Amino acid sequence: MIRLERRPQPSRAWTALTPVLAVLLTMVVGGIMFALLGKPPLEAIRIIFWDPLFHPQFAAYSRPQLLVKAGPLILIAIGLSLGFRAGIWNIGAEGQYIMGAICGAGMGLAFYPTTSPLIFPAMVMAGALGGWAWAMIPAVLKVRFGTNEILVSLMLVYVAEALLASVSQKLLRNPEGMGFPGSRNFKQFPAAHNAEIFANSGMHWGVIAAFVAVIFAYVLLTRHIQGFNIRLTGEAPRAARFSGVSPARIIFLCLGFGGALAGAAGLFEVSGPAGQITIDFNSGYGFTAIIVAFLGRLHPVGILLAGLLMALTYIGGELAQLMLGLPGASIQLFQGMLLFFLLATDVFTNFRLRFGKTEVT
Amino acid sequence: MDLSSINPILLIASIMISATPILLAAIGEMVVEKAGVLNLGVEGMMITGAVVGFATAVSTGSPTLGFAAAALASAVLSLSFGVLTQMLLSNQVATGLGLTLVGLGLSALIGKPYEGMKSPTMSKLDIPILGDIPVLGPMLFSHDPMVYFSLFLVLAVWGFLKFTRAGLILRAVGESHDAAHALGYKVIRIRMMAIFFGGACAGLGGAYLSLVRVPQWTEGMTAGAGWIALAIVVFASWRAERILIGAYLFGGVTVLQLNLQAAGARVPVEILSMSPYLITILVLVIISARGAHGAPASLGRPFHASR
């Protein structure tokens with residue numbers, strides 16, 4: 001008989017090993033899924049994980065894309081991970097991302113077509129503020145009334161989507177766009193364009209911000225009292241309260257951070273790679289970032305790696321669509337499975353497997 | 001705006017239709033939560049039910065088979081959540097989210113070939129005498145069998161939890177799993193059964209969306225219905241009869257805003273289309289501000305029998 005025995009402390013080796021194990025398991029089960037879809041499994045796995053980086057023909061295009069996709073994922077996931085560590089479940093990052101994009105883009109478009117160098121920084125501020133404000137709604141409701149932040153933050157995603165549809169058709173619509181929905185394109189508005197810093201590197205300001213956020217979160221969590229308070233609140237809420245940590249403060253801090261980073265990510269995306277506000281410019285990064293946060297073990301450095309890996313599956317998935325005709329949805333499923341296997345293998349981190357009969361004491 | 005274009009008889013009838021999917025999902029989730037498990041994957045199970053039900057009904061021509069297949073598929077999917085949270089002791093919130101993401105991906109993958117198809121319609125139940133009552137007949141007694149099944153299910157769950165021994169054990173497991181374990185009840189087995197039931201209900205709710213309410217398959221068609229079902233469980237303070245009220249209230253809001261949009265109300269369309277979500281938030285706030293929650297004491301806590 002197999003039984004589980006709780007470890008006195010989470011195993012460090014397993015903490016590092018489970019993401020690798022989960023990726024391998026996902027590859028195996030994903031391969032079976034691809035085979036069931038009638039596609040060559042080994043080739044599909046190779047196209048997803050290897051070809052975006054090393055294919056002689058496509059790699060030149062897809063390598064920069066890696067940073068473009070990883071940037072927002074890392075930025076959002078870093079913000080989410082702080083909350084998840086404290087047991088605050090902000091799952092509405094997608095909404096905060098949209099609101100950040102709307103506010104930031106609105107700020108920029110209001111100054112069209114001036115050329116001040118201050119416009120782009122102002123847009124970033126507006127974007128972060130927009131995301132922050134959107135995240136403050138569940139925060140205030142949780143602190144004031146004890147309302148469940150999971151449901152509120154998620155409901156606000158749908159509200160944000162409705163707002164996005166509205167502004168791209170009305171308020172922010174391109175006046176020279178022949179009546180098509182969608183805002184002006186930031187590529188034709190140099191002062192507000194989040195252009196690549198080095199040509200063809202994929203490195204734009206959002207990627208820089210993501211790296212800064214990783215370092216910042218690392219310092220916060222390991223060196224700063226607020227980071228310690230966040231971890232304490234998650235691991236021992238009662239102990240945290242006895243030692244004078246205000247739960248309200250932690251809620252505001254975590255949700256605010258998550259919102260601001262998601263909002264900034266939205267702004268960087270809309271003014272750079274996406275180029276304009278459209279009804280569906282958001283591509284679910286807010287939800288994928290949840291997987292990134294867990295895959296990175298809620299640790300800043302882990303999230304950096306997990307974000308790059310998840311970006312790889314996005315790009316590899318597109319490549320596999322192109323080369324094998326693999327359905328786009330299978331990549332979505334692939335990413336979901338990754339989270340599932342990660343949570344499943346996580347049991348080894350906290351528990352030890354014991355074989356043999358239960359001893360009666 | 002022309003309010004007279006809204007026919008009250010059709011309005012009530014369509015409220016019943018639009019409330020049914022949420023009602024089914026919410027009553028299932030309530031049983032799960034009563035057993036002390038927080039399954040946030042309702043949205044994922046619903047949409048899986050929607051696509052499996054639709055695909056089965058289209059290929060067999062029988063909506064009844066569609067519903068059965070949907071219930072089975074979602075229940076099996078929910079077992080993956082059960083294995084992870086109950087046997088491998090993973091975090092319930094994270095696993096529920098994972099279940100939603102998996103369900104959304106899976107449904108998009110299965111549903112691709114079925115986009116744009118029409119499902120076979122479910123015949124309406126002709127209740128002989130009641131259906132002929134002038135106003136009430138078309139309002140209440142001329143729906144498809146699933147509407148009445150969902151009402152029956154609420155009654156059955158209410159009775160099960162209140163009057164049966166098994167219901168008492170289920171509630172005990174949800175209130176204090178350690179005490180239930182000490183009394184010799186199989187906590188994990190009971191929770192797995194509850195999760196299975198919740199999955200089946202969510203699947204039925206999803207299939208009702210794709211087979212009756214819409215009736216078509218489009219990607220992401222549940223549009224948060226699973227999350228609203230979760231909110232309704234909170235709204236209902238974990239009581240079956242209030243689940244009914246909650247679901248019909250939300251059904252009412254949804255239908256009313258659609259009717260107002262069609263009638264050309266002077267309220268902007270985007271405000272109307274976000275109203276179900278805003279009202280969900282509002283209701284959650286009111287309920288939580290009142291303080292008394294009535295949540296099962298062991299809700300969301302992992303159970304591990306160390307000896």
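Buried means under 20% relative accessible area, exposed means over 50%, and partly exposed lies in between, with a 1.4 Å probe and protein chains only. Keep that rule at hand for the exercises below.

The model is predicted: local features need pLDDT of at least 70, side-chain atom pairs count only at pLDDT 80 or more, and totals for chains, interfaces and linings use all residues. Residues are numbered from 1 along each chain as its sequence is written, chains are lettered from A and ligands numbered from 1 in the order in which they are written, and side-chain values use heavy atoms, leaving out hydrogens and water.

**Exercise 1. Find the salt bridge partner of K112(B) and classify both residues.**

Step 1. Start with the rule: a salt bridge is a side-chain nitrogen of Lys or Arg within 4 Å of a carboxyl oxygen of Asp or Glu.

Step 2. K112(B) pairs with E115(B), and their closest N and O atoms are 3.9 Å apart.

Step 3. E115(B) has 35% relative accessibility, so this residue counts as partly exposed. K112(B), at 47%, is partly exposed as well.

Step 4. Over all chains, the rule gives a count of 5 salt bridges.

**Exercise 2. Classify E149(A) and K142(A), which form a salt bridge.**

Step 1. The closest N and O atoms of this pair are 3.1 Å apart.

Step 2. E149(A) has a relative accessible area of 5%, so E149(A) is buried.

Step 3. K142(A) reaches 24%, and therefore counts as partly exposed.

**Exercise 3. Describe R297(A) by its salt bridge, its backbone and its exposure.**

Step 1. R297(A) forms a salt bridge with D346(A), with the closest N and O atoms 2.8 Å apart.

Step 2. This pair links distant parts of the chain, 49 residues apart: R297(A) is in the loop between α12 (285–295) and α13 (300–324) of chain A, and D346(A) is in the loop between α14 (328–345) and α15 (347–350) of chain A. Helices here are DSSP runs (H or I, at least four residues), numbered from the N terminus.

Step 3. R297(A) is partly exposed at 22% relative accessibility, whereas D346(A) counts as buried at 19%.

Step 4. Now turn to the backbone: phi of R297(A) is near 55°, a positive value in a residue other than glycine.

**Exercise 4. Is W238(B) buried or exposed, and what is its phi?**

Step 1. Locate W238(B) in the loop between α10 and α11 (240–262) of chain B.

Step 2. Its phi is near 60°, a positive value in a residue other than glycine.

Step 3. W238(B) has a relative accessible area of 6%, so the residue is buried.

**Exercise 5. Work out how α10(B) and α12(B) are oriented.**

Step 1. Helix α10 (residues 225–235) and helix α12 (residues 269–289) of chain B pack at an angle of about 25°, with their axes 10 Å apart.

Step 2. Angles under 35 degrees count as roughly parallel, over 145 as roughly antiparallel, 65 to 115 as roughly perpendicular and the rest as oblique. The two helices, α10(B) and α12(B), are therefore roughly parallel to each other.

**Exercise 6. Place I243(B) in chain B and decide whether I243(B) is buried or exposed.**

Step 1. I243(B) sits in helix α11 of chain B.

Step 2. Its relative accessibility is 0%, so I243(B) counts as buried.

Step 3. For a distance check, the C-alpha atoms of I243(B) and R290(B) are separated by 18 Å, and the two residues are 47 residues apart along the chain.

Key
Axes fitted to C-alpha atoms, helices over the stretch in contact; angles between N-to-C directions.
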